[in-house]
Structure formats: C-alpha cells, structure tokens
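Colleague: I would like to learn how to read a protein–DNA model. Could we go through one together?

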Amino acid sequence: MGDGPDPADLLAWYDAHARDLPWRVAPAARLAGARPDPYRVWLSEVMLQQTTVAAVRAYFERFTALWPTVEALAAAPDAQVMGEWAGLGYYARARNLLKCARVVAEDHGGRFPETREALMALPGIGPYTGAAIAAIAFDAPEVVVDGNVERVMARVHDIRTPLPAAKPELVRAAAALTPERRPGCHAQAVMDLGATICTPRAPACGICPWWGACAARKAGVQAELPRKTPKKPKPLRFGIAYVARRADGAWLLETRPDKGLLGGMLGWPGSDWTESAPIPAPPIEADWTDLGEEARHTFTHFHLRLAIKVAHVPQDAAPLRGAFTPATAFRPSDLPTVMRKVFDLARSSLRH
DNA sequence: AATACGTGGGA
DNA sequence: TTCCCAAGTAT
C-alpha cells in the first residue's frame, strides 16, 4: 500500500466530524438511506458560489421558508426574489436562480435533472455546481472541484504551479481520489476538510486525516499553497447617488437594468460610476443638498466613492427616472449593500 | 482566455 | 487601512 492520500481515511473523518448544515443530510442518515432534497442542494450550491457558509445560512433559511419547493420559487415575483437576495452579492445568481427554477418547474415537471451534463444546461449551473448537485443529491461519481478542493489537492500533492494554470492538474488529482462508493459524501468531505482544517491560512495539520499523506506538509510549505498569480489593482471610481423623498414620505427608487453590475436590483438613481469626475444626473427637478459625506464601497474590480445628494420634493413632483415607493412598502433590506450604505447615511436628513 | 461580477470577515 | 479570501458562472 502506498503513502498517498486515502479516500477511506477522509470518509472516516467526515463520518465523525461533518458540519451540521441546514441543506445537508448527515452522513449517518445518508448511510441509512436518507436522500437530500435536490431543490435544497441546488439552492445551497448556488448561494455558496464564492460565498461563505456563514453568510449563506440565514439566506438559505429565509428562502426555503418562503419557497419550500422549486415550483413555489418559480412562481415568485422577480422583485421579491431579488429583494430577498439583496446583500448576498453576485446578483446574476439570483436572476439565473429564477430562470432555472422556472425551467425546472415548466420543462422538467419540477424535478431536477440527475446528470452533470443535463444540470449544466440550466442557467447558473456551471462545471462545479453541476458536478456538486449530481454527486450530493444523486450520488453520481462526479469530480467536484471548488476552491477548497483546489487548495487541498495543491497541498496533498505539493503542486506549486500557480492558479489558474494549475487547474487541470488539480482536477486530475481530485479525479484520482474520487471513489465509486459514497461520492457525494466524499465531495462534501473534501470541502469540509478545506473549510475547517486545511484552511487558507494556518491549516490545522495536527488534526488532519491526511496528515501522513500530505506532501506539502512534509516539505513544510503547506501554508504557502496554492500559489496564485497576482491580482490586478482595483481602480477608484466616483459617482453621485440621489435620494429624494416626497411629501407623503415615499422614496424615489429605480430598478436597475437586468444586465451588468447590480443588475435587476433596487437602487437610488444616480450618475454613471467613472474614474474621473462623474456627470451629474438628477432623476427629478429639486433643490438638491450635498450630504457632505460619501458612501465608500469596494466591488470585485473597483473601489467606489459615492457622493450623496438629498432633497425633499412636493407631492406632485414628476420623476425623470425611477418611481416613488411608499414608505410603507420600502424595505431597506431589499437594497444591495452599496445602496443600503447610501440610505443609512441619507435617512437622518430626510426625516418626516 | 480574460474579464465582469458582491460582500463581509479576518489578519 | 488595506488586502486576501469564500462551495464559480457567463461571456
């Protein structure tokens, strides 16, 4: 017997230490024949794309309480789903979530396809998510490779090629370890290992089931892997947001276009966000006051400084853009974070 | 192939 | 403060 990582050691560790997650069937129950609900597996996997378990939990509970089935989600109004997703980020996921739910409900009789290939034909499901759903929900022996798996493979095999160039090699390594028996538990086990022991910084090698097999640990380089090609610096952009409040307390809001940044989300009308001075673009004629404080926010690929203009407008004022939302219908939690920052700064100067 | 696309927490 | 990081996908 060789000294490489043994999937059986990992499964034994998982059976004893699997995290208790609201979308997961515990390993003991799974062995007893319990199957996870593919709808819940799909929903959790989409929410978990580039997102931490800690951030996802509350959203998952809220979504499943509101919409217990894919048919229920498919029937939900777009604006409600986008509002419930607000704050979780990567809003194309929410738009694709709805598209996918509607395809599954209308074209697949409410049942998710069971193969990676068929799953990948659905909106918002790529190579990772397709493999993950097939493995976790249907126990297909798919190779599931996310950021955790990449890190674990890079360390166990001491692969020093930087990402993303190392990806094919890491996938081959993951494939070689994927077992025919319990592939769904195996996939979740590698990810749990990466999330709780083989962490990006300061991995807890002393309690790792693959301690004896880890080439990077033997070489003492585990904390330096995986290597990554340096990222580009984020440019600084500037913009103006306009917060208008009508005499009856209604707020002037707009739903952003479906494409691009914050697509489909509710927000304050404003200028474009540019690297030089923004061009003013007030959405309604008013006596605008500069708040004197800007909202700062960092997106994936740029930093933003957003100047805030506020105004009270008369009841009969006609907006050029956006629509007035009655105070009773406005939920700040429906706003993406940058827009909520603007609201939090502006609200005190627009009291009624 | 390279880029666009969010957010919050930790060091 | 600043940077890095987290269960990626679409184009």
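Colleague: Which elements each supply at least two residues of the surface near DNA strand B?

Modeller: A word on conventions comes before that. This is a predicted model, in which local features need pLDDT of at least 70 and side-chain atom pairs count only at pLDDT 80 or more, while totals for chains, interfaces and linings use all residues. Residues are numbered from 1 along each chain as its sequence is written, chains are lettered from A and ligands numbered from 1 in the order in which they are written, and side-chain values use heavy atoms, with hydrogens and water left out. Helices (H or I, at least four residues) and strands (E, at least two) are DSSP runs, numbered from the N terminus. A residue is near a strand of DNA if one of its heavy atoms lies within 4 Å of it. Here, β5 (295–298) and α14 (337–346) each supply at least two residues of that surface, and α14 gives the largest share, 3 residues.

Colleague: Which residues come nearest to DNA strand B?

Modeller: Among the 20 residues around DNA strand B, the nearest are Tyr 91, Lys 232, Leu 262, His 297 and His 301. Sugar and phosphate make up 63% of the atoms of DNA strand B that come within 4 Å of the protein. By class, the surface has 8 nonpolar, 10 polar and 2 charged residues. In this scheme Ala, Val, Leu, Ile, Met, Phe, Trp, Tyr, Cys and Pro count as nonpolar, Asp, Glu, Lys and Arg as charged, and the others, Gly among them, as polar.

Colleague: Which part of DNA strand B lies 2.7 Å from a polar side-chain atom of Thr 300?

Modeller: For polar contacts, look for pairs of N or O atoms within 3.5 Å; within protein, one must be able to donate a hydrogen and the other to accept it, and residues adjacent in sequence count only if both atoms are side-chain atoms. The partner of Thr 300 is a base nitrogen. Tyr 91, by contrast, places a backbone N or O atom 2.7 Å from a phosphate oxygen of DNA strand B.

Colleague: How many residues surround DNA strand C?

Modeller: There are 26, and the closest are Gln 50, Gly 124, Asp 146, Asn 148 and Arg 151. Of the atoms of DNA strand C within 4 Å of the protein, 70% belong to sugar or phosphate. Polar backbone atoms reach phosphate oxygens of this strand from Gln 50 at 2.7 Å and from Gly 124 at 2.5 Å. Helices α3 (38–48), α9 (127–138) and α10 each supply at least two residues of the surface.

Colleague: What does Gln 49 contact, leaving aside its neighbours within four places in sequence?

Modeller: Contact means heavy atoms within 4.5 Å. Gln 49, in the loop between α3 and α4 (53–66), is in contact with Arg 93, Gly 124 and Thr 129.

Colleague: At what angle do α10 and α11 pack?

Modeller: Two packed helices are described by the angle between their axes and the distance between the axes. Axes are lines fitted to C-alpha atoms, for helices over the stretch in contact, and angles run from 0 to 180 degrees between N-to-C directions. Helix α10 (residues 147–156) meets helix α11 (residues 167–177) at about 85 degrees, with their axes 9 Å apart. That makes the two roughly perpendicular; angles under 35 degrees count as roughly parallel, over 145 as roughly antiparallel, 65 to 115 as roughly perpendicular and the rest as oblique. The contact residues divide into 7 nonpolar, no polar and 2 charged.
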